[in-house]
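Morning, everyone. Please pull up the entry on your screens and we'll walk through it together.

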Amino acid sequence: SRERVGAIAGRADLFVGRPWVISPNSETSPNAVKVVETLAAALESSVVTVSPKDHDRAVALVSHVPQVVASLLAARLVDAKNTDVALAGQGLRDTTRIAASDPELWVQILEANSAEVLSVLESFSADLSTVIGALQNVHTEKGIASLHSAIEAGNIGVEKIPGKHGTKHSTYAQVVVMIDDQPGELARLLTEVGEIGINLEELKLEHSPSAQIGLVELYVIPEAETSLIADLQKRGWRIA
């Protein structure tokens, strides 16, 4: 999903490779299902058939609660000092990106799936209370152990998020390249990676708020990491 709405934010590739969920019930006609499957296929989506109940439970966890958490975190910035916000790194941008979503639309979504969203938020609240308790006792062995467990559980959970072609993101090697913040530099980098002959699995771009540079995170299969770094350095690129 995207945080932008309206026709002007439309993209031709919006559904490419994305899951398109079909949730038929006892009254759903086979012809109707076929029509939706045909449309999804035409848009190059990946069709997933689940029951309405399973769908609601799943999207509460992977879509609706992330929206609430992102919005609440971003709301902490409303009264923050500009000098404090100026220290923000990519982590804050990543975790608050979807907070720019349309409030009216999300009120309708949350209302329609309130029971499942509430269930996940209650568990999230319990986890948050545990972390708060650990911070209140941070100088004790138990407090440190609780914090460690919370972060470690996040490590385990993020491993379940599928990357390209369902591959785990952690299976890729990360190569970070520093580029000048000027027109054409990113395109030149990607062109040269293509000339080197290495396929990119994922790419992320981070701008430094205090310097005219960008950090490009290139994700490749581990076997390609060493040669990519060597070839880029030969071409004059700075590896962070």
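I'll go from the overall picture to the core, then the surface, and finish with the charged pairs.

A caution to begin with. This is a predicted model. Keep that in mind throughout.

Overall picture. The protein has 240 residues, and 21% of them count as buried. Its secondary structure comes to nine helices and six strands. The C-alpha trace spans about 65 × 55 × 35 Å along its principal axes. The exposed area is about 16300 Å², with carbon and sulfur atoms supplying 58% of it. Now the contacts. Take those with a separation of 6 or more: 68% of them come from residues 24 or more positions apart.

Next, the core. Which residues have the most contacts inside the largest nonpolar core? They are Val177, Leu189, Leu218, Leu228 and Leu232, in a core of 15 residues. Four elements each supply at least two residues of this core: strand E3 at 173-180, helix H8 at 185-196, strand E5 at 213-220 and helix H9 at 222-234. The largest share is from E3, with four residues.

Zoom in on leucine 189. Set aside its neighbours within four places in sequence. Leucine 189 is then in contact with Val177, Ile179, Val216, Leu232 and Trp237.

On to the surface. Look at Phe124, Leu128 and Ile132. Together they make a nonpolar surface patch of about 260 Å². Leucine 128 sits in helix H6, which covers residues 114-136. Is leucine 128 buried or partly exposed? Its relative accessibility is 44%, so leucine 128 counts as partly exposed.

Aromatics are quick. The structure holds one aromatic pair. Phenylalanine 15 and tryptophan 20 form it, and the geometry is tilted: 5.4 Å centre to centre, with 45° between the planes. The two partners fall in separate accessibility classes. Phenylalanine 15 counts as partly exposed because its relative accessibility is 37%. Tryptophan 20 counts as buried, because its value is 18% and the cut-off for buried is under 20%.

Now helix H2, residues 52-75. Serine 63 lies in it. With a relative accessible area of 23%, serine 63 is partly exposed. Follow it across to valine 117. The two are 54 residues apart along the chain, and their C-alpha atoms are separated by 9.6 Å.

That brings us to charges. Side chains of opposite charge can pair when their charged atoms come close. How many salt bridges does the structure hold? Seven. I'll show three.

Number one is lysine 53 with glutamate 116. Their side chains meet at 3.9 Å, N to O. This pair links distant parts of the chain, with lysine 53 in helix H2 and glutamate 116 in helix H6, 63 residues apart. The ends are unlike in accessibility. Lysine 53 is exposed, with a relative accessible area of 60%. Glutamate 116 is buried, at 18%.

Number two is arginine 238 with aspartate 180. The N to O distance in this salt bridge is 3.1 Å. Why does this pair tie together separate parts of the sequence? Because arginine 238 lies in strand E6, residues 238-239, while aspartate 180 is in strand E3, and these parts are 58 residues apart in sequence. Remember that E3 also gives the core its largest share of residues. Arginine 238 is partly exposed, with a relative accessible area of 38%. Aspartate 180 is partly exposed too, at 33%.

Number three is arginine 188 with glutamate 192. Their closest N and O atoms are 3.4 Å apart. Both residues lie in helix H8, four residues apart, or about one turn of the helix. Arginine 188 is partly exposed, with a relative accessible area of 36%. Glutamate 192 is buried, at 11%.

And this third pair has company. Which residues are linked with Arg188 and Glu192 in a network of salt bridges? Glu185, Glu195 and Arg235.

One last look at helix H8, then. It supplies at least two residues of the nonpolar core. It also holds the salt bridge between arginine 188 and glutamate 192.

That's my tour. Over to you.

Notes. Residues numbered from 1 in each chain as written. Predicted model: local features only at pLDDT ≥ 70, side-chain atom pairs only at ≥ 80, totals over all residues. Heavy atoms only, no water. Core = buried A, V, L, I, M, F, W, Y, C linked by side-chain atoms within 4.5 Å. Buried < 20%, exposed > 50% of the residue type's maximum accessible area, 1.4 Å probe, protein only. Contact = heavy atoms within 4.5 Å. Patch = residues over 30% accessible without salt bridge, like charges linked within 9 Å, V, L, I, M, F, W, Y side chains within 5 Å. Areas by Shrake-Rupley, 256 points an atom, 1.4 Å probe, with all protein chains shown as cover. Salt bridge = Lys/Arg side-chain N within 4 Å of Asp/Glu carboxyl O. Phe/Tyr/Trp six-rings, centres within 6.5 Å; stacked < 30°, edge-to-face > 60°.
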